[in-house]
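Here are my notes on this model, as numbered points. Please read them alongside the coordinates.

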Amino acid sequence: MSWERRSAAGEVSYLYGREPAGQLIYTANGQMSAQLMNPDAKSLDEAGSESREAAAEVAKRFFAYWGSYTVDESTATVTHRVLGGLARSWVGRDQIRRYEFSGDDRLTLTADLEHDE
């Protein structure tokens with residue numbers, strides 16, 4: 001599992017670390033959810049959950065959203081219709097990802113961040 005961001009200049013950054021933990025779930029009835037975290041980041045317990053600053057810092061290292069999805073095989077895209085999640089600006093919006101399968105167990109999703117953020 002990985003999540004990397006590439007700038008227009010080709011620079012790569014890893015907000016959730018080089019080896020993040022998480023899962024992406026697609027159900028047969030068209031629902032999806034995604035969670036991703038940096039396993040090396042402090043937890044709320046370690047950071048002091050009573051501190052807003054500490055909680056905000058922890059939240060930067062965890063990402064989650066859920067909603068419904070549709071697949072368009074003709075364009076090799078999956079559209080996530082976001083119903084809720086940490087990125088409030090995503091709620092009610094479609095997140096379109098190009099998909100590619102590699103081997104029996106690898107799914108790669110690619111986003112055009114200029115349109116997603």
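1. Confidence. The mean pLDDT of the protein chain is 85, with 86% of its residues at 70 or more. The model is a predicted one, and its confidence varies by element: β6 has the highest mean, 97, while helix α3 (residues 113–116) has the lowest, 50. Where pLDDT is low, the predicted coordinates should not be read in detail.

2. Secondary structure. The protein chain contains eight strands and three helices. Their order from the N terminus is β-β-β-β-α-α-β-β-β-β-α. The low-confidence helix α3 covers residues 113–116.

3. Burial and surface. The protein chain has 117 residues, and 25% of them count as buried. The exposed area of the protein chain is about 8,300 Å², of which 49% comes from carbon and sulfur atoms.

4. Contact range. Taking contacts between residues at least 6 apart in the sequence of the protein chain, 30% link residues at least 24 apart.

5. Core. Which residues make up the largest nonpolar core? The set has 12 residues: Tyr16, Met32, Ala34, Leu36, Phe63, Tyr65, Tyr69, Val78, Val82, Ala87, Trp90 and Tyr99. Two or more residues of this core come from each of β4 (31–37), β5 (62–72) and β6 (77–85). In soluble globular proteins, nonpolar side chains tend to be buried together.

6. A core residue in detail. What does Ala34 touch, leaving aside residues up to four places away in sequence? Its contacts are Gln23, Leu24, Phe63, Ala64 and Tyr65. Among them, Phe63 and Tyr65 also belong to the largest nonpolar core, as does Ala34.

Note on methods. Residues are numbered from 1 along each chain as its sequence is written. This is a predicted model: local features need pLDDT of at least 70, side-chain atom pairs count only at pLDDT 80 or more; totals for chains, interfaces and linings use all residues. Side-chain values use heavy atoms; hydrogens and water are left out. Helices (H or I, at least four residues) and strands (E, at least two) are DSSP runs, numbered from the N terminus. Buried means under 20% relative accessible area, exposed over 50%, partly exposed in between (1.4 Å probe, protein chains only). Contact means heavy atoms within 4.5 Å. Accessible areas come from the Shrake-Rupley method with a 1.4 Å probe; for residues, only the protein chains shown count as cover. A nonpolar core is a set of buried Ala, Val, Leu, Ile, Met, Phe, Trp, Tyr and Cys residues joined through side-chain atoms within 4.5 Å. pLDDT is the predictor's confidence in each residue, from 0 to 100.
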